[in-house]
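Here is a friendly walk through one protein model, with the sequence and the 3D view to hand. Keep both open as you read.

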Amino acid sequence: MNVTPFGALSTFDTEHLDAAEAYIAENSFERPTLVIDRARVAAQYDALNQGLGDAAIHYAVKANPEPAIIRLLVEKGSHFDAASRVEIQLCLDQGARPENISFGNTIKKPSDIAFAHRAGITLFAADAEEELAKIAEHAPGAQVYLRVIVENCMADWPLTRKFGAAPAAVPGLLDHAVSLGLDPVGLSFHVGSQTRKAAFWVPVLDQVAELWHAARAKGHALSVLNIGGGFPAFYGEAIDAPREYAAEVMQQVRARFGEVDHIMAEPGRGMVAEAGHIAAEVLLVSRKSENDLHRWVYLDIGKFSGLAETMDEAIRYQFSTDHDGGETGPCILAGPSCDSADVLYETRPVQLPTALRAGDRIVIRNCGAYTTTYASIGFNGFPPLDVVVL
């Protein structure tokens, strides 16, 4: 089980730290910095790849688009899920072949569809008639898969509703794609980011399998099933190890869909989150009144500089300081900006050492995913994350 909590970080003892943690312990930083270990990314890829078997990994580039990570994954044989023209170009620049890149965003500019088509991209996502029409005009004859809205999501970060077609609309969209000269090869869905247990996939797979078999019964020779992401990282609650998790998901998929020519999986968080940690600094520890039950701890990083996934306290990052092992107490954690929304955890306060003071280093663990890409460029003058790739 991949559930070990982060132990005390000491700048004098790096024996039990992983490479990114050890680097942070041995160095100082002028501003918040993500340190990410490529070897850990490679290990996660290998574990997921073993569990997924003959399913093709399409790394979700949006999770962490560092060129060194993309290049590593190209060397490992990964395919890629790109959400934009920039992500497609990034993958191509790092050596990915166009046939190994899918344009997975269902909301695309016509000019970007045309760019992808010229670059050799042949597989596109859609969830609406107008999107299919754009693809037919600017990437004629392309293969498309339809994204489906799914219910009963049990993820910490749901990703349905904005993306996907209602199940009842799927048959008509498949027919419409054919009428436009496109090749509707399959269906796609997303169980939601940070789906902590493989068992949580069951109700979603049941829904999509019903649509899949109905479409095939009506003559659509579906051959591509995109199961999306959802592969979790450790944020304090127990999760299965990546190989076992992926293997259980695939067992459930096979039981419901039978033999499928091509299964795509799009891990992002599960690939890179645990490979990176953020070195940050405490700016202030205070109470609003003498009777306040909770301290307020302000960091030099907040929602607008990389920690956007603390919105609604959905993702619960883990923290470590040089004072770990001593007395702790509940804290409201906030970022540095002059925006009242920049509060990270208040509904469920965080336990931090009572010895914590301004100027102390604090390490935010398992931040390799969705931090650099969410960091704004200079809101309130606070810089985006620096990145060190080991």
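What follows covers salt bridges, one helix, one proline, the cysteines and the cavities.

This is a predicted model, in which local features need pLDDT of at least 70 and side-chain atom pairs count only at pLDDT 80 or more, while totals for chains, interfaces and linings use all residues. Residues are numbered from 1 along each chain as its sequence is written, and side-chain values use heavy atoms, with hydrogens and water left out.

**Salt bridges**

Let's begin with charged pairs. A salt bridge here is a side-chain nitrogen of Lys or Arg within 4 Å of a carboxyl oxygen of Asp or Glu. The whole structure has 15 salt bridges, and the table shows three of them, including the N to O distances.

| Acidic residue | Basic residue | N to O distance |
|---|---|---|
| Glu21 | Arg365 | 3.2 Å |
| Asp112 | Arg85 | 3.8 Å |
| Glu244 | Arg243 | 2.8 Å |

Helices (H or I, at least four residues) and strands (E, at least two) are DSSP runs, numbered from the N terminus. Glu21 sits in helix H1 (residues 19–26) and Arg365 in strand S15 (residues 361–365), so their bridge ties together parts 344 residues apart in sequence. Both Glu21 and Arg365 are buried; that word means under 20% relative accessible area, with exposed over 50% and partly exposed in between (1.4 Å probe, protein chains only).

The pair of Arg85 in helix H4 and Asp112 in helix H5 ties together parts that are 27 residues apart in sequence. Arg85 is partly exposed at 35% relative accessible area, whereas Asp112 is buried at 15%. In the third pair, Glu244 is partly exposed at 37%, and so is Arg243 at 39%. Elsewhere, salt bridges with shared partners join Asp18, Arg40 and Glu274 into one network.

**Helix H5 and its surroundings**

Which residues of helix H5 (residues 110–119) are buried? They are Asp112, Ile113, Ala114, Phe115 and Ala116. These buried residues pack against helix H4 (85–93), strand S4 (101–103), strand S5 (123–126) and helix H6 (129–138). After H5 comes Gly120, which has a positive phi near 100°.

**A proline in a loop**

Pro167 belongs to the loop between strand S6 (143–147) and helix H7 (170–179), and is partly exposed at 35%. Beyond its neighbours within four places in sequence, Pro167 is in contact (heavy atoms within 4.5 Å) with Val148, Ile149 and Leu211. The C-alpha atoms of Pro167 and Leu211 are separated by 7.2 Å, though the two residues are 44 apart along the chain.

**Cysteines**

How many disulfides does a search of the whole structure find? The count is zero, taking a disulfide as a pair of cysteine sulfur atoms within 2.5 Å. For Cys331, the nearest cysteine sulfur belongs to Cys367, 17 Å away. Cys331 is buried at 0% relative accessible area, while Cys338 is exposed at 74%.

**Cavities**

A cavity is a set of points on a 1 Å grid over the protein atoms alone where a 1.4 Å probe fits but cannot get out, and lining residues have an atom within 4 Å of a point. There are two cavities of 30 Å³ or more. The largest has a volume of about 60 Å³. Its lining counts 12 residues, with Gln44, Leu48, Pro232, Pro242 and Gly270 nearest the centre. Helix H2 (38–52) and helix H9 (242–257) each give two or more residues to that lining. The second largest cavity has a volume of about 40 Å³, and its lining includes Gly302, Phe304, Asp342 and Phe382.

Technical notes: On a 1 Å grid over the protein atoms alone, a cavity is a set of points where a 1.4 Å probe fits but cannot get out, and a pocket is an open set with protein on both sides within 12 Å along at least five of seven lines; lining residues have an atom within 4 Å of a point. Grid points are joined across faces, edges and corners, and a volume is the space filled by probe spheres set on the points.
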